[in-house]
Amino acid sequence: MNIRRLTSCTPQQLHDLSVLINALTSRSITLPDTLAATLSQPSNHLLIAEEDERIIGCATLCTFCSPTGRKASVEDVVVHPDWQGNGVGRRLMEALIDEAKHLAPITLQLTSRPQRQAARALYASLGFEQKETGFFKLSLE
């Protein structure tokens, strides 16, 4: 298995990512557009896990600055169902953490739905701590 940053996308990779993103969300997403926007931003780092030239997992690191310092957020971590439980998520997250350390944010944050018990256990095993906070969301769609 190879973990690397995706900087451009072939039609096969777009298909593989579509399968992953559809497993992550039920929202209707125009992936070619959102993927192009993701890849065009230097503050976004889309990491992929590949096996036999197929994408089997992905995770995104988004960095930003605010008045309280440089921060990073983990987004859209997903592993193909056929590969779950084989260390793909751990390898992606370790690579993403290493990349975040290189970019020197003061915090690395993520959110994870309570239903994603395996993912939440992975994050805890990597040292993430659940914050006591009220997370607010406003849908702008």
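Two aromatic rings of Phe, Tyr or Trp count as a pair if their centres lie within 6.5 Å, and a pair whose planes are over 60 degrees apart is called edge-to-face. With that in hand, here are some exercises on the structure above, which is a predicted model.

**Exercise 1. Find how many aromatic pairs the structure holds, and classify the geometry.**

Solution.
- Start with the count: the structure holds one aromatic pair.
- The partners are Tyr123 and Phe128, with 6.1 Å from centre to centre and 65° between the planes.
- Now apply the cut-offs: the centres must lie within 6.5 Å, and planes over 60 degrees apart count as edge-to-face. The pair of Tyr123 and Phe128 is therefore edge-to-face, at 6.1 Å and 65°.
- Next, look at how the two residues are covered. Buried means under 20% relative accessible area. Tyr123 has 6%, so it is buried; Phe128 has 18%, so it also counts as buried.

**Exercise 2. Describe the fold along the sequence, then decide how compact the protein is.**

Solution.
- Count the elements: there are four helices and five strands.
- Put them in sequence order, and the pattern reads β-α-α-β-β-β-α-β-α.
- Compare the radius of gyration with the globule rule. The protein has 15 Å, close to the 14 Å that the rule gives for 141 residues, so it is as compact as a globular protein of that length.
- For the outer dimensions, the C-alpha trace spans about 40 × 30 × 30 Å along its principal axes.
- Finally, check the contacts: among those with a separation of 6 or more, 57% are between residues 24 or more positions apart.

**Exercise 3. Summarise the surface and the charges of the protein.**

Solution.
- Begin with burial: 34% of the 141 residues count as buried.
- The exposed area comes to about 9,100 Å², and carbon and sulfur atoms supply 51% of it.
- For the charges, count 14 positive and 15 negative side chains. The centres of these two sets lie 7 Å apart.

**Exercise 4. Is Thr63 buried or exposed, and which residues does Thr63 touch?**

Solution.
- Locate the residue: Thr63 belongs to strand β3, which covers residues 54-66.
- Its relative accessibility is 10%, so Thr63 counts as buried.
- Set aside the neighbours within four places in sequence. Thr63 is then in contact with Ser43, Arg70, Lys71, Ala72 and Leu103.

**Exercise 5. Place Arg91 in the fold and trace what lies around it.**

Solution.
- Arg91 sits in helix α3, residues 88-103.
- At 37% relative accessibility, Arg91 counts as partly exposed.
- Leaving out residues up to four places away in sequence, Arg91 touches Met1 and Ile3.
- For a distance across the chain, take Ala49: the C-alpha atoms of Arg91 and Ala49 are separated by 8.2 Å, with their positions 42 residues apart along the chain.

**Exercise 6. Examine the phi angles of Asp52 and Asp76.**

Solution.
- Recall the background: most residues other than glycine have a negative phi.
- Asp52 has a phi near 50°, a positive value in a residue that is not glycine. Asp76 likewise has a positive phi, of about 50°.
- Now compare their settings. Asp52 is in the loop between β2 and β3, whereas Asp76 is in strand β4, residues 69-79.
- Last, check the accessibility: Asp52 has 67% and is exposed, while Asp76 has 40% and counts as partly exposed.

**Exercise 7. Work out the setting of Gln41 and of Leu140, with one C-alpha distance for each.**

Solution.
- Gln41 lies in the loop between α2 (31-40) and β2 (44-51). With a relative accessibility of 40%, Gln41 counts as partly exposed.
- Pair Gln41 with Arg113, 72 residues apart along the chain: their C-alpha atoms are separated by 26 Å.
- Leu140 falls in the segment after α4 (117-125). Its relative accessible area is 76%, so Leu140 is exposed.
- Pair Leu140 with Cys62, 78 residues apart along the chain: here the C-alpha separation is 20 Å.

Notes: Residues are numbered from 1 along each chain as its sequence is written. This is a predicted model: local features need pLDDT of at least 70, side-chain atom pairs count only at pLDDT 80 or more; totals for chains, interfaces and linings use all residues. Side-chain values use heavy atoms; hydrogens and water are left out. Helices (H or I, at least four residues) and strands (E, at least two) are DSSP runs, numbered from the N terminus. The radius of gyration is taken over C-alpha atoms; the globule rule is 2.2 Å times the number of residues to the power 0.38. Buried means under 20% relative accessible area, exposed over 50%, partly exposed in between (1.4 Å probe, protein chains only). Contact means heavy atoms within 4.5 Å. Accessible areas come from the Shrake-Rupley method with a 1.4 Å probe; for residues, only the protein chains shown count as cover. Lys and Arg count as positive and Asp and Glu as negative; His and the chain ends are not counted. The place of a charge is taken as NZ of Lys, CZ of Arg, CG of Asp or CD of Glu. Rings of Phe, Tyr and Trp (its six-membered ring) pair if their centres lie within 6.5 Å; planes under 30 degrees apart count as stacked, over 60 as edge-to-face and the rest as tilted.
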